[in-house]
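User: I am new to this structure and would like to go through it step by step. Could you answer a few questions on how its parts are arranged?

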Number of protein chains: 2
Amino acid sequence: MANPTACVLVIGNEVLSGRTQDANIRVIAQGLAAHGIVLREVRVIPDDAPVIIATVNAVRAAFDHVLTTGGIGPTHDDITSECIAAAFGVPWEPHPEAWARMEASYKPGEFNAARQRMATMPRGASLIDNPISTAPGFSIGNVHVMAGVPRIMAAMLGNLLPRLAGGPPIVQRAVHAQGLAEGAMAAGLAAIQARYPGLDLGSYPYYRSSGNGVAIVAKGADAAAAEAAIIEATALITSLGRAPVQGEPPAA
Amino acid sequence: MANPTACVLVIGNEVLSGRTQDANIRVIAQGLAAHGIVLREVRVIPDDAPVIIATVNAVRAAFDHVLTTGGIGPTHDDITSECIAAAFGVPWEPHPEAWARMEASYKPGEFNAARQRMATMPRGASLIDNPISTAPGFSIGNVHVMAGVPRIMAAMLGNLLPRLAGGPPIVQRAVHAQGLAEGAMAAGLAAIQARYPGLDLGSYPYYRSSGNGVAIVAKGADAAAAEAAIIEATALITSLGRAPVQGEPPAA
C-alpha cells in the first residue's frame with residue numbers, strides 16, 4: 001500500500017514577516033510520518049483571502065490530506081475559516097456544537113460577535129477538539145483546520161491524526177561521523193541509494209562545538225531496507241577512514 | 001513605489017520529514033523586509049526533480065524575486081542546480097569562475113566529480129559568493145540559489161541582498177499587554193485596521209512564564225502610519241483596563 005500524501009498550509013503574516021519562527025511544521029511532519037503519511041509540501045501564505053482560497057483549492061486537489069495552521073482566532077486578520085468555506089463553495093454559518101461549547105465557556109454577555117466567529121464554520125465541518133482553549137478546529141473534505149498557537153495545534157493534531165487514513169509508519173535510520181566530507185563519499189553514497197530505490201537516502205553536514213561531520217539518513221516505509229542501507233553507509237564511512245557512530249549527531 | 005515581492009523555496013527532504021527545524025525562513029524574511037521586499041510565500045518542497053522544476057517555473061512567474069535554499073551540495077540528493085537549468089531551459093555546464101575557485105580550494109586530486117557538480121551551473125548564472133566553504137550560490141533571471149546550511153545561507157544572503165531591487169523598508173511597531181483577551185478587543189482592533197488600510201495590523205497571543213497576553217503588531221512601509229496605529233492600539237488596551245507596554249513581549 002502506498003503511503004498517503006499531505007500538504008501543510010501555514011496561514012499567517014507573522015511567519016512571512018519574520019516576526020515569528022514557525023514551530024509547527026516539524027511537529028506536524030513527525031506526527032504524520034509516525035502515522036504513515038508522507039508530507040510532500042509546505043506552503044506559508046499570508047492572511048489574504050484570494051490567496052488562501054486559491055491555495056486551498058490547488059493543494060486539496062493535489063494531496064490526500066491538507067492540514068492548515070493559523071487564522072482561526074477572533075480578530076479581523078483571522079480569515080481562514082471563511083476562506084475554507086469559500087474554497088469549498090459552501091455557506092459559512094454557526095456550527096451548533098461549536099457554538100454550544102464556546103457559549104458555555106464564557107461568562108454571560110462575553111460570548112460576543114468576535115468570539116462567535118470562532119464558532120462559525122463551513123457547512124458540513126466536523127470538529128477537531130481543543131482541550132486547551134475550547135474553540136475547536138474542524139475538518140471539511142480532506143482539509144483539516146487547526147490553530148496556530150503551538151500548544152493548541154499540538155493538542156488538535158493529536159485528536160486529528162487517528163481520524164486520518166495513514167499507512168506503514170515512515171521510519172528514519174541514521175549514522176554519522178566526525179571529519180567526514182560529503183564530497184569524498186558522494187559516489188559511494190549514490191551507489192547505495194541506487195541499490196535502495198524505495199528509500200530516500202540523505203546526506204546532511206553538521207556543525208557542532210564537539211566537531212563537524214556528516215549524517216547519513218535513510219527514510220522510508222521499509223524499516224528493514226532502511227537498516228540495511230545504513231549498514232552499507234556505515235561500511236562506506238569506515239572505508240574512508242572515519243569512525244561511524246550509529247544514530248543522529250548530538251544536538252549541540 | 002510598490003514594494004517588490006518575493007517567494008522563498010526551501011528545497012530538501014529533511015524539513016518535510018521533520019528531521020530538521022528550518023532556521024532560514026525567518027532570517028530571509030527579516031533580511032528581505034529590511035531591504036523593502038515583501039515575502040509573500042514560502043514553499044517547502046522535496047528533492048524531486050519534476051516538483052522542483054514545476055515549482056520554480058510557477059513561482060518565478062508570480063513573484064519579483066525567488067530565493068531558494070538547499071540542494072546545492074555534492075551528493076546525489078543535491079539536484080537543485082540542474083533542476084534550475086531545466087526550469088530555464090538552458091544547459092547545465094561548468095561555470096569557469098566557480099570551477100576555478102573550487103579547484104583552487106582543494107588539494108591536488110581532491111576536486112573530484114562530486115565536487116565538480118558544485119561548480120556546474122545553468123548557463124548565464126552569476127555567482128553569489130560563499131566566504132565560508134567556497135562553493136558559490138548563483139542567480140539566474142529572478143531566481144537566487146543559496147545553500148541550506150544556515151551559516152552559509154546567511155553569508156550568501158548578505159552578498160545577495162544589495163543586488164536585488166528593493167523598496168522602502170518594511171517596518172514593524174508593536175504594543176502588548178498581559179491579561180488582554182483577543183476576543184474582547186477584536187472590534188476595536190478591526191476599527192483601527194479600517195483606518196489604516198495600507199498597514200497589516202496583526203494580533204498575536206503569547207504565553208510566557210511571566211504571564212499570558214496579546215501583542216498587536218502594525219507592519220508596513222509607512223513608518224508614521226505604523227506608529228499612529230500603535231498609538232491607537234495602546235489607547236484601546238487602556239480602555240479595556242489593561243496596562244499597555246510598548247514593543248514586543250519578552251522572549252520567554
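User: How many bridges join strand 10 of chain A to strand 11 of chain A?
Analyst: In this predicted model, strand 10 (residues 200–208) and strand 11 (residues 211–220) of chain A run antiparallel, and they form a hairpin with two residues between them. Within this pairing, Gly202(A) stands opposite Val217(A) of strand 11. The number of bridges that join the two strands is nine.

User: In what order do the four strands of the open sheet that holds this hairpin stand, and which strands are at its edges?
Analyst: The pairing in this sheet of chain A is antiparallel, and the order of its four strands is 10-11-9-12. A strand at the edge has a single partner strand, so one side of it is left without a neighbour in the sheet. In chain A the strands placed in this way are strand 10 and strand 12 (245–246).

User: Which residue of strand 11 of chain A stands opposite Gln172(A)?
Analyst: Strand 9 (residues 171–178) of chain A runs antiparallel to strand 11 of chain A, and eight bridges join the two. Across from Gln172(A), the residue in strand 11 of chain A is Lys219(A).

User: What angle does the direction of helix 9 of chain A make with that of strand 9 of chain A?
Analyst: Two helices of chain A can be described against this sheet: helix 8 (residues 182–195) packs on it and touches strand 10 and strand 11, with a direction at about 155° to that of strand 10. Helix 9 (residues 223–239) of chain A also packs on the sheet, where it touches strand 9, strand 10 and strand 11 of chain A. Between the direction of helix 9 and that of strand 9 of chain A, the angle is about 10°.

User: Is Ala226(B) buried or exposed?
Analyst: Ala226(B) is found in helix 9 (residues 223–239) of chain B, and among the residues it touches are Val171(B), Leu199(B) and Ala218(B). A residue counts as buried when 20 or more other C-beta atoms lie within 10 Å of its own. Because Ala226(B) has 24 C-beta neighbours inside 10 Å, its class is buried.

User: How far apart are the centres of domain 1 and domain 2 of chain A?
Analyst: The domain assignment divides chain A into domain 1 (5–163) and domain 2 (171–246). The C-alpha atoms of the whole chain fill a box of roughly 70 × 40 × 30 Å along the principal axes. Taken over C-alpha atoms, the distance between the two domain centres is 37 Å.

User: Which strands are the edge strands of the open sheet of 12 strands?
Analyst: This sheet has mixed pairing and follows the order 6(A)-7(A)-8(A)-3(A)-1(A)-2(A)-2(B)-1(B)-3(B)-8(B)-7(B)-6(B). Three bridges join strand 6 of chain A to strand 7 (residues 137–140) of chain A, which run antiparallel, and Ile128(A) stands opposite Gly137(A) there. Pairing on one side only marks an edge strand, and this holds for strand 6 (126–128) of chain A and strand 6 (126–128) of chain B.

User: Where the two chains meet within this sheet, which residue of chain B stands opposite Arg43(A)?
Analyst: The order of the sheet places strand 2 of chain A beside strand 2 of chain B. These two strands run antiparallel, and three bridges join them. Opposite Arg43(A), in strand 2 of chain B, stands Arg43(B).

User: Into how many nonpolar, polar and charged residues does the side of chain B that touches chain A divide?
Analyst: In the contact between the chains, 47 residues of chain B meet 47 residues of chain A. Among the elements of chain B that each supply at least two residues to this side are helix 2 (25–34), strand 2 (38–45), helix 8 (182–195) and strand 11 (211–220). By class, the residues of this side come to 21 nonpolar, 14 polar and 12 charged.

User: What kind of axis relates the two copies?
Analyst: Chain B can be laid on chain A with an RMSD of 0.0 Å by a turn of 180° and a shift of 0.0 Å along the axis. In chain B, the C-alpha nearest the axis is that of Arg43(B), at 2.2 Å from it, and the same surface serves both copies, since 100% of the contact residues of chain B recur in chain A. From the turn and the shift, the copies are thus related as by a two-fold rotation axis.

Methods: Residues numbered from 1 in each chain as written. Chains lettered and ligands numbered in written order. Predicted model: local features only at pLDDT ≥ 70, side-chain atom pairs only at ≥ 80, totals over all residues. Contact = placed C-beta atoms within 7 Å. Nonpolar A, V, L, I, M, F, W, Y, C, P; charged D, E, K, R; others polar. Pairing = 2+ DSSP bridges. Least-squares fit on C-alpha atoms with pLDDT ≥ 70 in both. Domains from an automatic or database assignment. Axes fitted to C-alpha atoms, helices over the stretch in contact; angles between N-to-C directions. Buried ≥ 20, exposed ≤ 12 C-beta atoms within 10 Å, placed from the backbone. Lists of a residue's contacts leave out its neighbours within four places in sequence.
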